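Work through the exercises below with the sequence and the coordinates open beside you. Each task is followed by a solution in steps.

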Amino acid sequence: QVQLVESGGGLVQAGGSLRLSCAASKSISSAIVMGWYRQAPGKQRDLVARLTRGGTTNYADSVKGRFTISGDNAKNTVYLQMNSLKAEDTGVYYCNVFGNWGLGMSDYWGQGTQVTVSS
C-alpha cells in the first residue's frame, strides 16, 4: 500500500502562485501514471495534470500554460506548480498514483489539500 500526503495548499490572490507537493511512502519510480485532480465545491473530481513514467504530460485545457506537473524520484514526491491562478482554480486538489507496488496494479489517493484563490 502507498500513502500519499499532499501539502502546499492555501489562500492566494488571483494572479499568484502555489506549489503543491505529494509525498509518497514508496518509490514513485514504480508508478505508471501520477496525477493531480481537482474537486470544486458541488462538482465532480476532474483531472488537472498527469505525468507518465515515460515523461509524457497531459493537462486540462483550463490550466495549460499555467500549471506544470513534475516528479522527483529521489524524494518520492510529485509536484504541481500553479502560476497565474484564477478564482476558478479553487478546490480541493488530490494526488493520485497508479502502478504496481507488489500487490498488482493499484490506484492510490491522497487526502487532498485545499486551494482557495480570491478574486
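**Exercise 1: a central pair of strands**

Leu-20 stands opposite Leu-80 in E8. This is a predicted model, in which local features need pLDDT of at least 70, side-chain atom pairs count only at pLDDT 80 or more, and totals for chains, interfaces and linings use all residues. Residues are numbered from 1 along each chain as its sequence is written, and side-chain values use heavy atoms, with hydrogens and water left out.

Task: determine how many bridges join strand E3 to strand E8, and in which direction the two run.

Solution. Take strands as DSSP runs of E with at least two residues, numbered from the N terminus, and call two of them paired if DSSP finds at least two bridges between them. Strand E3 (residues 18-24) and strand E8 (residues 77-82) are then joined by six bridges and run antiparallel. Within E8, Val-78 is the bridge partner of Cys-22.

**Exercise 2: the hairpin**

Task: find which residue between E7 and E8 takes a positive phi.

Solution. E7 and E8 are antiparallel and joined by six bridges, with Gly-71 opposite Val-78 of E8. Four residues lie between the strands of this hairpin, where Asn-76 has a positive phi near 50 degrees.

**Exercise 3: the whole sheet**

Task: establish the order of the four strands and explain why E8 is largely enclosed.

Solution. The open sheet has the order E1-E3-E8-E7 with antiparallel pairing. Strand E1 (4-7) and strand E7 (67-72) each have a single partner strand, so one side of each lacks a neighbour in the sheet. Five of the six residues of E8 are buried (under 20% relative accessible area, 1.4 Å probe, protein chains only), so E8 is largely enclosed by the rest of the structure.

How values were computed: Buried means under 20% relative accessible area, exposed over 50%, partly exposed in between (1.4 Å probe, protein chains only).
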